[in-house]
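Visitor: I have the sequence and the structure open, and I'd like to go through them with someone. Could you explain how each label is earned as we go?

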Amino acid sequence: MNDFPDGFLWGAATSAYQIEGSPLADGAGPSIWHRFSHTPGLTANNETGDVACDHYARYADDVRLMQALGLTAYRFSVSWSRVMPSGTGAVNPRGLAFYERLVDALLGAGIQPCVTLYHWDLPAALDDRGGWLNPDVALWFAYYADTLVLALGDRVPLWTTLNEPWVVMDGGYHFGPLAPGHRSLFEAPLVSHNLLRAHGQGVLAARAAGARAIGLVVNLEPKYPASDQPGDLAATRRTDAYMNRQYLDPVFRGEYPAEMAEIFGDAWPRFAAADFDLIRTPIDFLGINYYTRGVMRDAPEVLPLRAERVPQRQHITTETGWEVYPDALAAVLEWVRDRYGDIPLYITENGAAFYDPPHAIDGAVEDPLRVAYYRWHLRAVRDAMRRGVDVRGYFAWSLLDNFEWSLGYAKRFGIVHVDFATQLRTPKSSARFYSEVIRTRGASLGQ
Ligand code: BGC
């Protein structure tokens, strides 16, 4: 029996600001990431996405590389401020043309284009108007979604509204390591709610414009208690609500988890009941990004969650300090099915940063830890599928080593190595491994 059905999407993922470079080319406007990375002291070594993987110029070669690897799908994001320099209103035809060329090149290579509308790079002009804090963002986003789907909807089978709303809120507005770098307990819930409203409006707009399938991408990190003490169990429950249920409960059940008010206290607003009708607009699929789990213990001094992560030294950890724990991927897929129903699922990101040298050695980059990571996680996906979970595709994060946000270029997540001095691409052993998995439709994973 073949575990991975015909039509299963074998992909890799990227995002616009992390790979494209040329952020202001051809009439594009700046994004919040352009501003953030150009503010001294906010990213490692003050690195920016000015050049990144130069994908804006090299996209055709990159598509050929994907074809050579045997990928059947590619998940990328559109830079909103390339297409609409002021975030709303006039469209910049030269910016849009880049995505038309990319989509056509992918289709020509037999690769399904899967488009994320928003992967963290809000037009700076909209940040000037309050960004995700301004309730109008839902309408700005709907107009942008409508424009993109009208332009590309006949060629794009899979659309997603937002990538990881939790990270936008937590990193961008609550704790501040990511653009726009705010640190506010009071802003965080407003941003979450506006993200969800924008998602809902975006789904309605994309569908009205003819999108074949539209969904949402969330990052899930299953939480495990460090012990069975009541304090650790409660800490686990709070962090699980904050990270794993804060967006999915409203989207699928029309309400926030009860723990949100407990976590945010006075900062948790009363939201209009009518908003939840919009937020729970049905979606066609859910995308799940999975990297690691969290083992949690009670920590009354760590506010507002009163919880902290307990490092797990018994397993391999990645360069970003994340425990390698594939069982939680199978578990979270089953949890989603059991809690939210039998909706088609895609693993829209999964991967790891491990140390790779800056330059290939004798034309090769050997990355045995990343190979092991992919083997174990692909087996976990297969296990969940054997238990009846409806997984329709898998996307490695990432196709290319790229700009890892405030961590800069030192953290390499690619299955293809990028030499940032020369832009030379070298498929790592993990790319060869993944190619073989695709070629054998999973048989090479072993049992
Ligand atoms: C994001 C990517 C990021 C990756 C690794 C995900 O949260 O969607 O943009 O590079 O994780 O940190």
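Visitor: Which residues of α5 are exposed?
Guide: P93 and G108, on the other side of the helix from its buried residues. Exposed means a relative accessible area over 50%. Keep in mind that this is a predicted model.

Visitor: And which residues of α5 are buried?
Guide: G95, L96, F98, Y99, L102, V103 and L106. Looking down the axis of α5, you'd find them within an arc of 145°, so they line one face of the helix. The general rule behind such patterns is that an α-helix has 3.6 residues a turn, so residues three or four places apart point the same way.

Visitor: What do the buried residues of α5 pack against?
Guide: They pack against α1, α3, β2, α4, β3 and α7. Contact here means heavy atoms within 4.5 Å.

Visitor: How do you know that the span of α5 agrees with its 16 residues?
Guide: At 1.5 Å a residue, residues 93-108 should span 22 Å, and the end C-alpha atoms are 22 Å apart, so the two agree. Just after the helix, G110 takes a positive phi of about 75°.

Visitor: Why is β2 called largely enclosed?
Guide: Buried means under 20% relative accessible area. Five of the five residues of β2, residues 73-77, are buried, so the rest of the structure largely encloses the strand. A73, R75 and S77 point one way and Y74 and F76 the other, and all are buried.

Visitor: Which strands pair with β2, and in what sense?
Guide: β1 pairs with β2 in the parallel sense over three bridges, and β3 does so in the parallel sense over five bridges. Pairing takes at least two bridges, so β1 qualifies with three and β3 with five. For landmarks, A13 stands opposite R75, while Y74 has P113 as its bridge partner in β3.

Visitor: What makes α16 mostly covered?
Guide: Eight of its 11 residues are buried, among them F433, Y434, V437 and I438. The buried residues of α16 pack against β1, α3, α15, β11 and β13.

Visitor: What makes β6 and β9 edge strands?
Guide: The open sheet runs in the order β6-β8-β9, with mixed pairing. β6 and β9 each pair on one side only, and that puts them at the edges. β8 and β9 run antiparallel, joined by three bridges, and R297 has E308 as its partner in β9.

Visitor: Why is the contact of R58 and D54 called a salt bridge?
Guide: The cut-off is 4 Å between a side-chain nitrogen of Lys or Arg and a carboxyl oxygen of Asp or Glu. R58 and D54 meet at 2.8 Å, N to O, so the pair passes that test. D54 is buried at 18% relative accessible area, whereas R58 is partly exposed at 29%.

Visitor: Which salt bridges does R245 form with D240 and E259?
Guide: D240 has its closest atom 2.7 Å from R245, and the side chain of E259 meets R245 at 3.1 Å, N to O. R245 lies in α10 and E259 in α12, so that pair ties together parts 14 residues apart in sequence. R245 is buried at 9%, and D240 counts as buried at 16%.

Visitor: Which residues share a salt-bridge network with R245?
Guide: R237, R238, D240, E259, E262 and D298 are linked with R245 in the network. In total, the structure holds 36 salt bridges.

Conventions
Residues numbered from 1 in each chain as written. Predicted model: local features only at pLDDT ≥ 70, side-chain atom pairs only at ≥ 80, totals over all residues. Heavy atoms only, no water. Buried < 20%, exposed > 50% of the residue type's maximum accessible area, 1.4 Å probe, protein only. Helix = DSSP H or I, 4+ residues; strand = E, 2+ residues; numbered from the N terminus. Expected span 1.5 Å × (residues − 1). Arc of directions from axis to C-beta.
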